[in-house]
Amino acid sequence: MPGWAGEHDDDEIVPRDIRFNISSNPERHWFGGDPMRTAMFDAFSIFLPEGERFFIRSLKHYASKLGDPELIKEINGYAVQEAFHTREHEDYNRTLVRLGYDVEAMERPVKSVLGSVKVPLLRLAVTCAVEHLTANFSTMTLRHQKILSSAHPAYRRLWMWHALEELEHKAVALDVYKRAAAGMPAWKRYGLRVSAMNLTAVHFVRIFLRNVRLHAQADGIRTGFRFWSRFAWLQMVSPGYTRVSLWSFLCYYMPGYDPRKVDDSDLIRKGRAWLANEYAADGAAQETPAR
């Protein structure tokens, strides 16, 4: 039994050094043979290696300046989890290259946008915004586990693992932001936080839609009215990926928003139990030997 599968406090950040071997299980339409559902998740993965490195740099910049041992411990746990996510999504994206997708073209706008954010406090505010978006995705994934029921097991395990760890560390970036911006008037802290969310959401949607289109075109699929109608149906009606996350997304705009006030302990316990059961079932997710 790996160490991460033991007992942990609900609010503990538990790094899990697991390899999901996506490169050993390359599958073009891994999501139940559905090109569009696959494209949505693959397009999300395109953001992650560059994004995770950006997030780690954003928080590490403040780690030595805060003088709070507990928060430094959380930043370190966060950074280790994100480093494992980076490694697994680099493997995932290399597999997309092998399958014939132009990952370099898809990553280009991600690197351009993130590379343009130079001010440390703005980088941190952008990190808070993205962490809120990923926490919403994670809540949806863990609460509606049947959404991934038709996915290839290796891909399903990776996304469930990622969702669990995003939920475990959902509050760390905002905790750091509150401390780093403590000397600013409350209205300025709020203004910077929501402005960063507005910019992040606009760029995320723009790049995400572009990459879904490139992904589909690489599959030889026409991206006309029928294509985007079904895309809208999946997002807003059934299963409603965006619809079920919309209210929790909007909560970010409330003054004084604090993700710690949203109790996700039950979801975290269920996610941990799910992952431990998957690991015990056939050992397909391999923990890396200690170095």
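## Where α4 meets α6

In this predicted model, helix α4 touches helix α6 through L121, L124, A125, T127, C128 and E131. Their partners on the α6 side are A173, L174, V176, Y177 and A180. Sorted by class, this contact holds 9 nonpolar residues, along with 1 polar and 1 charged.

Now for the geometry of the pair. Helix α4 spans residues 120-143 and helix α6 spans residues 172-180. Their axes come within 9 Å and cross at roughly 150°. Angles over 145 degrees count as roughly antiparallel, so α4 is roughly antiparallel to α6. The crossing of these two helices is left-handed.

## What surrounds α6

Several residues of α6 are buried: V172, A173, L174, D175, V176 and Y177. Among them, A173, L174, V176 and Y177 also appear in the contact with α4.

Helix α4 has company in covering these buried residues. The cover includes α1 (35-63), α2 and α7 (186-218) as well as α4.

## The cysteines C128 and C251

If you are wondering about disulfides, a search of the whole structure finds 0 of them. C128, one of the α4 residues that meet α6, is in no disulfide, and the nearest cysteine sulfur to it belongs to C251, 16 Å away.

Looking from the other side, the closest cysteine sulfur to that of C251 is in C128, and the 16 Å between them is too far for a bond. A disulfide would need the two sulfur atoms within 2.5 Å.

Are these two cysteines buried or exposed? C128 has a relative accessibility of 5%, so C128 counts as buried. C251 is buried too, with a relative accessible area of 14%. The cut-off behind both calls is under 20%.

## Where α2 meets α5

Another helix pair to look at is α2 (residues 69-98) with α5 (residues 153-168). Their axes come within 11 Å and cross at roughly 155°, and α2 and α5 are therefore roughly antiparallel to each other. Here too, α2 passes α5 in a left-handed crossing.

Which residues of α2 and α5 meet? From α2 come Q81, E82, F84, H85, E88, H89, Y92 and T95. From α5 come Y155, L158, W159, W161, H162, E165, E166 and E168. By class, the contact of α2 with α5 has 6 nonpolar, 5 polar and 5 charged residues. Helix α2 is also one of the elements that cover the buried residues of α6.

Terms used
Residues are numbered from 1 along each chain as its sequence is written. This is a predicted model: local features need pLDDT of at least 70, side-chain atom pairs count only at pLDDT 80 or more; totals for chains, interfaces and linings use all residues. Side-chain values use heavy atoms; hydrogens and water are left out. Axes are lines fitted to C-alpha atoms, for helices over the stretch in contact, and angles run from 0 to 180 degrees between N-to-C directions. Helices (H or I, at least four residues) and strands (E, at least two) are DSSP runs, numbered from the N terminus. Angles under 35 degrees count as roughly parallel, over 145 as roughly antiparallel, 65 to 115 as roughly perpendicular and the rest as oblique. A crossing is left-handed if the near helix is turned anticlockwise from the far one by less than a right angle, and right-handed if clockwise. Contact means heavy atoms within 4.5 Å. Ala, Val, Leu, Ile, Met, Phe, Trp, Tyr, Cys and Pro count as nonpolar, Asp, Glu, Lys and Arg as charged, and the others, Gly among them, as polar. Buried means under 20% relative accessible area, exposed over 50%, partly exposed in between (1.4 Å probe, protein chains only).
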